[in-house]
Amino acid sequence: MTRYKGDNVTEILWDKMQNKLGCCGVLSIDDWQNITWTEDQSCVAPSSCKITELITRDGLNATSNNNDTISIADECLVDMAAPHHSEGCLPRLREAMHKYINIIGAIMVSVWAIVIINVLFSFALCVVLDYAEYTYK
């Protein structure tokens, strides 16, 4: 978080995560107040912490971010009275990971099974080549 404005990739990742998960900071919005992330002292948190009213291409208001929306405000969060996400991203990320734990586990088991099968085939190839070397001399 301390490299938020110094590194463009870090800023993009934090903004996307906070928009997608509907969160702000690691544990709470207070995390942004405890570090120096911008020169503007009036900024409490980045704009991605705001709950902004969005206008869809149909002209209807929405409160979620998707590809068909255009954000109205891009400046940082100055007033804590403005609608904002107060829950941290770590609990939200844990919830999202917990939802997909079975899929993640299945992928991990599959990768390790492929690795073990490759090791067994490598041993078998070594044995066959060693046997062929002694047999055809």
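**Reading the core, helix 1 and the aromatic cluster**

Reply: In this predicted model, the largest nonpolar core has 13 residues. Within that core, the residues with the most contacts are C24, W32, W37 and A45.

Me: What general idea lies behind looking for such a core?

Reply: In soluble globular proteins, nonpolar side chains tend to be buried together. Here, C24 offers a case to follow in the structure. Setting aside neighbours within four places in sequence, C24 is in contact with Q18, I29, W32, A45, C49, H85, S86, E87, G88 and C89. Two of these partners, W32 and A45, are also named with C24 among the core residues with the most contacts.

Me: How many helices and strands does the chain hold, and in what order do the elements run?

Reply: The chain holds 4 helices and 3 strands. From the N terminus on, the order is α-α-β-β-β-α-α. Of the 137 residues of the chain, 25% count as buried. Counting contacts between residues at least 6 apart in sequence, 61% join residues at least 24 apart.

Me: How should one read helix 1, and what is its span from first to last C-alpha?

Reply: One may set the span against the value expected at 1.5 Å a residue. Helix 1 covers residues 8-21, 14 residues in total, and reaches 20 Å from its first C-alpha to its last, close to the expected 20 Å. Just after helix 1, G22 takes a positive phi of about 65 degrees.

Me: Which residues of helix 1 are buried, and which exposed residues does the face turned away from them carry?

Reply: The buried residues are T10, E11, W14, D15 and Q18. Viewed down the axis of helix 1, its buried residues fall within an arc of 125 degrees, and therefore line one face of the helix. The face turned away from that buried side carries the exposed residues N8, V9, L13, K16 and K20.

Me: Against what do the buried residues of helix 1 pack?

Reply: They pack against helix 2 (30-33) and helix 3 (89-99).

Me: How is a pair of aromatic rings described, and how many such pairs does this structure hold?

Reply: A pair of aromatic rings is described by the distance of the centres and the angle of the planes. The structure holds 2 aromatic pairs. Y4 and W32 form an edge-to-face pair, at 5.0 Å centre to centre and with 70 degrees between the planes. Y4 lies in the segment before helix 1 and W32 in helix 2, so this pair ties together parts that are 28 residues apart in sequence. Both Y4 and W32 are buried.

Me: Which residues form the other pair, and what is its geometry?

Reply: W14 and W32 form an aromatic pair, also edge-to-face, at 5.7 Å centre to centre and with 75 degrees between the planes. Since W14 lies in helix 1 and W32 in helix 2, the pair ties together parts that are 18 residues apart in sequence. W14 is buried, as is W32. Ring pairs thus link Y4, W14 and W32 into a cluster.

Me: Which side chains meet in a salt bridge, and at what distance?

Reply: The count comes to 1 salt bridge. In that salt bridge the side chains of R92 and E87 meet, at 2.8 Å from N to O.

Me: Why does R92 count as partly exposed, and what is the relative accessible area of E87?

Reply: Partly exposed lies between under 20% for buried and over 50% for exposed. R92 counts as partly exposed because its relative accessibility is 26%. E87 has a relative accessible area of 30% and is therefore partly exposed.

Notes: Residues are numbered from 1 along each chain as its sequence is written. This is a predicted model: local features need pLDDT of at least 70, side-chain atom pairs count only at pLDDT 80 or more; totals for chains, interfaces and linings use all residues. Side-chain values use heavy atoms; hydrogens and water are left out. Helices (H or I, at least four residues) and strands (E, at least two) are DSSP runs, numbered from the N terminus. The expected span of a helix is 1.5 Å times one less than its number of residues. Buried means under 20% relative accessible area, exposed over 50%, partly exposed in between (1.4 Å probe, protein chains only). The arc is that of the directions from the helix axis to the C-beta atoms. Contact means heavy atoms within 4.5 Å. A nonpolar core is a set of buried Ala, Val, Leu, Ile, Met, Phe, Trp, Tyr and Cys residues joined through side-chain atoms within 4.5 Å. Rings of Phe, Tyr and Trp (its six-membered ring) pair if their centres lie within 6.5 Å; planes under 30 degrees apart count as stacked, over 60 as edge-to-face and the rest as tilted. A salt bridge is a side-chain nitrogen of Lys or Arg within 4 Å of a carboxyl oxygen of Asp or Glu.
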